[in-house]
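Here is a quick tour for anyone opening this structure for the first time. Take a look around, then read on.

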Amino acid sequence: MARVVSYLRPLPHLLSPLLPSPTMTTISISSGGAGVEGTSFKLLLSCPSGLPQSRVFVDFGPVHDRVPHPDANLEESINEIWNRRLQENPSLYNGTKFRYGGYSLLDADGLDQELSVCLLLGLTDYRTFMGTNLNPLWKKFLVSSEDDSVCCRHMSNPLGNGAIVQTSDRRILVLQRSNNVGEFPGYYVFPGGHSEPQEIGISEHETDKNSMDSRLLNEKVSQEMFDGIIREVVEEIGVPGESLTEPVLIGISQREMNVRPTAFFFLKCMMESSEIYKLYSRAQDGYESTQLYAVTMDDLERMTLHMPGCHRGGFALYNLMIQASKDV
């Protein structure tokens, strides 16, 4: 199928504006998606001023890994689902992912009174993701708690990433997913995927690390959070890495169906939409999408009605960033 780029004309305002947030905030916003299952979301963290890598820390370790569910039959369903999927598709790969276990806000350092965030990350894998988050019985893995980290303690919860990319002619890049992908075929999404433990040599937890080793490892994982989103944009859109500005973290959204968390970043591409179109046709990961859109804010609002919940949450975080910038 041919892959094309589209430039949409402005359309009427369809989504209610979100209230601005002048500082880093923990907020919980749930939003329906025109009755379509999987499009509702919750915001777990909003950083409307945008946090550079220097203000995003990581606490990585087995303490943030998934806790097995006490129901032995429910746990066994993880293996049953994976074995069944392997029979259907023997090429499935059980890759390792960073598991989202929550976050903490760090005290202001210095006179600027700027807050930082610490992401609490463990390890999980694709098998456990399919057997918990994508399990038809996924709700049974949840714990009744207002604390998301407690509620999702039995879930795989790999931390996805998404990029709000603004071009030099002030368009936002949106992809349309291929009809061949497993989840949300044909839906609109922002570029993204996952940061990868293997990129920094992590396949499992090391139990003999000293405090210095742990500090250095946490720094490497934090860097991979930012390197990973650059890599996804380069691979999915086809633009060179040097055309992209340093990403800033704008928050974490969660799709309410399957409780999937995604960290969203904002960055700029120093190229015009017309130039990016020429590169998109040769993008490395182009098989996951069939069309690239370079859209205005009004267009983007309309398209969110046909986005998975985690990506609708990404738009909400971007909207909060825009509103906060107007209040400065």
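In which loop does asparagine 258 lie? You'll find asparagine 258 in the loop between β11 (248–255) and β12. Before going further, keep in mind that this is a predicted model.

## The big picture

Let's start with the whole protein. Its secondary structure adds up to seven helices and 13 strands. Of the 328 residues in the protein, 55% are buried. Looking at contacts with a separation of 6 or more, 75% of them join residues that sit 24 or more positions apart.

What about the outside? The accessible surface comes to about 15,400 Å², and carbon and sulfur atoms account for 51% of that.

## Two loop residues with positive phi

Back to asparagine 258. Its phi is positive, about 75°, although asparagine 258 is not a glycine. Asparagine 258 has a relative accessible area of 6%, and because buried means under 20%, it counts as buried.

Arginine 170 also has a positive phi, about 60° here, and it isn't a glycine either. Its place is in the loop between β7 and β8. Is arginine 170 buried or exposed? Its relative accessible area is 60%, and the cut-off for exposed is over 50%, so arginine 170 is exposed.

## Two helices to look at

Helix α5 covers residues 273–280, and its buried residues are Ser273, Ile276, Leu279 and Tyr280. Look down the axis of α5 and these buried residues fall within an arc of 115°, so they line one face of the helix. There's a general pattern behind this: an α-helix has 3.6 residues a turn, so residues three or four places apart point the same way.

Helix α1 runs over residues 72–88, and leucine 86 is part of it. With a relative accessibility of 27%, leucine 86 counts as partly exposed. Leucine 86 and arginine 127 are 41 residues apart along the chain, and their C-alpha atoms are separated by 9.9 Å.

## The largest pocket

Now for the open space. The largest pocket holds about 1,500 Å³. Its lining is made of 48 residues, and those nearest its centre are Tyr126, Arg177, His194, Arg260 and Glu288. By class, the lining of this pocket has 17 nonpolar, 16 polar and 15 charged residues.

Which element gives the most to the lining of the largest pocket? That's α4, with four residues. Several elements each supply at least two residues of this lining, including the strands β5 (96–106), β7 (160–166), β8 (172–177), β10 (192–194) and β12 (260–268). The helices α2 (126–131), α4 (211–237) and α7 (309–327) each supply at least two as well.

## The cavity

How many cavities of 30 Å³ or more are there? The count comes to one. The space in the largest cavity is about 40 Å³.

Lining this cavity are Phe98, Leu159, Gly160, Asn161, Ser195, Met225, Ala263 and Phe265. Two elements, β7 and β12, give two or more residues to that lining. Sorted by class, the lining of the largest cavity has five nonpolar residues, three polar ones and no charged ones.

Key: Residues numbered from 1 in each chain as written. Predicted model: local features only at pLDDT ≥ 70, side-chain atom pairs only at ≥ 80, totals over all residues. Heavy atoms only, no water. Buried < 20%, exposed > 50% of the residue type's maximum accessible area, 1.4 Å probe, protein only. Contact = heavy atoms within 4.5 Å. Areas by Shrake-Rupley, 256 points an atom, 1.4 Å probe, with all protein chains shown as cover. Arc of directions from axis to C-beta. 1 Å grid on protein atoms, 1.4 Å probe; cavity = no way out; pocket = protein on both sides within 12 Å on 5 of 7 lines; lining within 4 Å. Points joined across faces, edges and corners; volume = space filled by probe spheres on them. Nonpolar A, V, L, I, M, F, W, Y, C, P; charged D, E, K, R; others polar.
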